[in-house]
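Here's a walk through the pockets, ring pairs and a few odd spots of one protein model. Have the structure open and follow along.

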Amino acid sequence: MYVKDLSFENPNSPDIYLEKGEPKVDLNLSLKHRALDTPDHYEVTLAITANVANSQNGKTLFIVEIEHAGVFLLKNIPEEHLAPVLSVECASLLFPFTRQIISQTSVDGGFIPFLMEPINFLAMYENARRQQAQGQDTPQQ
């Protein structure tokens, strides 16, 4: 596992530390995977952007962006099972570490730990497959 990219922005400091209000989170997550040149090795990357703002006035508290990846050796997996293994199992293994890096980064930026809720990667995968199937069923104009 490794960090490909990590960014933390605190654009309204130091004034933001003196304001009252609850945080409001806008979170975007994407998942990518690709085969590497080495046989049976795959890279899985979680990309997360969290924009945390003051719910009362909308001012940005902080923005954290991360691309966290891992290389996985996958042998003897049938082709039809490869995508779910990469998108669900590998992502599920990466996420706790990604979550910890984001939490520590928010603390290092002067805020309380930003703890992301667990993510159901199986539901994400099934939803993406369902949307893709619906897109293929729709006639092109």
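First, what counts as a pocket here: on a 1 Å grid over the protein atoms alone, it is an open set of points where a 1.4 Å probe fits, with protein on both sides within 12 Å along at least five of seven lines, and lining residues have an atom within 4 Å of a point. Grid points are joined across faces, edges and corners, and the volume is the space filled by probe spheres set on the points. This is a predicted model, so local features need pLDDT of at least 70 and side-chain atom pairs count only at pLDDT 80 or more, while totals for chains, interfaces and linings use all residues. Residues are numbered from 1 along each chain as its sequence is written, and side-chain values use heavy atoms, with hydrogens and water left out.

**Pockets**

The largest pocket holds about 320 Å³ of space. Its lining has 16 residues, and Pro23, Leu61, Phe62, Phe111 and Ile112 lie nearest the centre. Strands S2 (23-35), S3 (41-54) and S4 (60-73) are the elements that give two or more residues to this lining. Helices (H or I, at least four residues) and strands (E, at least two) are DSSP runs, numbered from the N terminus.

The second largest pocket has a volume of about 190 Å³. Among its lining residues are Leu29, Leu31, Phe121, Met124 and Arg129. Here S2 and helix H2 (121-137) each give two or more residues, and H2 has the largest share, with 6.

The table sorts both linings by class: Ala, Val, Leu, Ile, Met, Phe, Trp, Tyr, Cys and Pro count as nonpolar, Asp, Glu, Lys and Arg as charged, and the others, Gly among them, as polar.

| Pocket | Nonpolar | Polar | Charged |
|---|---|---|---|
| Largest pocket | 11 residues | 3 residues | 2 residues |
| Second largest pocket | 6 residues | 3 residues | 1 residue |

**Ring pairs**

How many aromatic pairs does a search of the whole structure find? The answer is 6. Rings of Phe, Tyr and Trp (its six-membered ring) pair if their centres lie within 6.5 Å; planes under 30 degrees apart are stacked, over 60 edge-to-face, and the rest tilted.

Tyr17 and Phe111 make a tilted pair, 5.1 Å centre to centre with 35° between the planes. This pair links distant parts of the chain, 94 residues apart: Tyr17 is in the loop between strand S1 (2-9) and S2, and Phe111 in the loop between helix H1 (79-108) and H2. Tyr17 counts as partly exposed because its relative accessibility is 38%, whereas Phe111 is buried at 15%. (Buried is under 20% relative accessible area, exposed over 50%, partly exposed in between, with a 1.4 Å probe and protein chains only.) Both rings also belong to a cluster, linked by ring pairs, of Phe8, Tyr17, Phe62, Phe111 and Phe114.

Phe95 and Phe121 pair edge-to-face, at 6.0 Å centre to centre and 65° between the planes. They connect helix H1 to helix H2, with their positions 26 residues apart in the chain. Phe95 is buried at 7% relative accessibility, and so is Phe121 at 2%.

**Polar contacts and a buried cysteine**

A polar contact is a pair of N or O atoms within 3.5 Å; within protein, one must be able to donate a hydrogen and the other to accept it, and residues adjacent in sequence count only if both atoms are side-chain atoms. Asn10, in the loop between S1 and S2, makes one from its side chain to that of Tyr17 (2.6 Å).

Glu43 lies in strand S3. Is Glu43 buried or exposed? It is buried, because its relative accessible area is 5%. The side chain of Glu43 makes polar contacts with the side chains of Tyr2 (2.5 Å) and Lys4 (3.3 Å).

Over in helix H1, Cys90 is buried at 2% relative accessible area. Leaving aside neighbours within four places in sequence, Cys90 is in contact (heavy atoms within 4.5 Å) with Val44, Phe72, Leu74 and Val85.

**Backbone oddities**

Most residues other than glycine have a negative phi, and most peptide bonds are trans. The bond from Ser13 to Pro14 is cis, with omega near 0°, and Pro14 is in the loop between S1 and S2. Asp40, in the loop between S2 and S3, has a positive phi near 70°. Asn76 has a positive phi near 60° and sits in the loop between S4 and H1. Asp40 is partly exposed at 30% relative accessible area, while Asn76 is exposed at 80%.
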